[in-house]
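Subject: Structure handover

Dear colleague,

I am passing on the structure we spoke about, and below it I have written out what was found, at a pace that should suit a first reading. Please keep the model open while you read.

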Amino acid sequence: MCIRDSQSVQLRLATRIEDRIRYVLPVRGLDEYEVALASDPAMAGALRGEQGFLENTRFLGRDVVAAHLPSGYEGWGLVVQLDASEAYEPGRMLIVPILLVGAASALLAMYVGLRLATSFTRPIRKLSTAALAIERGEYEARATISANDEVGMLAQTFNHMALAVEGFRTQMQDRVLARTEDLERVGEQLRDAKERAEQASNAKTRFLAGMSHEIRTPMNGVLGMTELLLSSDLSEQQRHRLLIVHESGQLLLRLLNDILDLSKVEAGKLSLSNRDFSVRDLAYGVMQTFEPAAQKKDIELILSLIHISEPTRPL
């Protein structure tokens, strides 16, 4: 007979006769009571005095799971056997629930992770948006403080910095505005001074031009009368004195022309003339001009010129 709790459970009790196994009780699926040791690995281990558990072993052409141990008497063994399909069926049945539970746990972990990441990155993004706004010149932008954690402390520090930057910008704008007003005021004063200087220069130029013309008219009369006297019968001394008067008058006329030239320089209308002159005559004329004053002071004027091979040169 076969002792079993179900169709797939067997309990075998056997002893060893030489190199064969002799079952005490009938075994289901086996017509004989004796089999070779190799045909029942679990019972062979029990007969050797071993105690253990065999997975995926074969007995009578079936995959079985067997537990074996000595029965307490030498040469006797006991084996409890279960079909492998039935033994592993609960585990296979648990695979799907385990996979479902794992997938649900993974989804839950992803959801929680995304929520945590969002709650952490949202203040960072708002802080970055505020920083970019300040970079664009929107100095009134502020970061939102959503919590009292490290990110909230960072946002609070950022707002203090933004407030300081805005205050510094306002101060700089006020300073720039004040400096601009000062520069405009100074520029206006400079323009007024330039206009007054130009008006004074124009008035001076007009005065010099008018005076030179007023003085030139009687001077031309003096020179004309002197030339008439020089053409008449005169003594040598009289002629000499009239020549001095005439040359002094011409010198004064040239000075008047120079005054007019100065007016032309200031007006930007001066034109240079290139002509020959005599250095000897020029020096002699200057000496004659100062000769009467020198004679009154008992000073003798002497003109001494080195020989000049080219008496005239361009002026």
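Between which two strands does the loop that holds E18 lie? The answer is β1 and β2, and this loop is a useful place to begin, although you should bear in mind throughout that the model is a predicted one.

E18 has a positive phi of about 55°, even though the residue is not a glycine. The hairpin that β1 and β2 form has two residues between its strands, and E18 is where the positive phi is found. E18 counts as exposed because its relative accessibility is 68%, and the cut-off for that word is over 50%.

A second residue can be described in a similar way. D298, which is also not a glycine, has a positive phi near 55°, and its place is the loop between α5 and β8, the latter being residues 312-314. With a relative accessibility of 74%, D298 therefore counts as exposed.

It may help to step back to the whole chain before going further. The protein chain contains five helices and eight strands, and, read from the N terminus, its elements follow the order β-β-β-α-β-β-β-α-α-α-β-α-β. The chain has 315 residues, of which 21% count as buried, and it exposes about 22,900 Å², with carbon and sulfur atoms supplying 60% of that area. If you take the contacts in the chain with a separation of 6 or more, 46% of them are made by residues 24 or more positions apart.

The hairpin you have just looked at belongs to an open sheet of six strands, which are arranged in the order β3-β2-β1-β6-β5-β4 with antiparallel pairing. At the edges are β3 (34-36) and β4 (52-59), each of which pairs on one side only. From one strand to the next, the twist averages 35°.

Looking at the pairs one by one, you will find that β1 (residues 9-17) and β2 (residues 20-23) run antiparallel and are joined by four bridges, with A14 standing opposite Y23 of β2. β1 also pairs with β6 (residues 76-83), again in the antiparallel sense, and here there are seven bridges; within this pair, L13 has L78 in β6 as its bridge partner. Towards the edge formed by β4, that strand and β5 (residues 62-70) pair in the antiparallel sense over six bridges, and R58 has D63 in β5 as its bridge partner.

Two places in the helices also deserve a look. L163 is located in helix α3, which covers residues 150-230, and at 52% relative accessibility L163 counts as exposed. The C-alpha atom of L163 is separated by 8.5 Å from that of R142, while the two residues are 21 residues apart along the chain.

The other place is helix α5 (residues 279-296), where F290 is found. Is F290 buried or exposed? F290 counts as exposed, because its relative accessibility is 53%. F290 is also one of the residues that make a nonpolar surface patch of about 450 Å², together with L282, V286, I299 and L301.

When you go through the model yourself, I would suggest starting at the hairpin and then following the sheet strand by strand.

With best wishes

Technical notes
Residues numbered from 1 in each chain as written. Predicted model: local features only at pLDDT ≥ 70, side-chain atom pairs only at ≥ 80, totals over all residues. Heavy atoms only, no water. Patch = residues over 30% accessible without salt bridge, like charges linked within 9 Å, V, L, I, M, F, W, Y side chains within 5 Å. Areas by Shrake-Rupley, 256 points an atom, 1.4 Å probe, with all protein chains shown as cover. Salt bridge = Lys/Arg side-chain N within 4 Å of Asp/Glu carboxyl O. Buried < 20%, exposed > 50% of the residue type's maximum accessible area, 1.4 Å probe, protein only. Pairing = 2+ DSSP bridges. Axes fitted to C-alpha atoms, helices over the stretch in contact; angles between N-to-C directions. Contact = heavy atoms within 4.5 Å.
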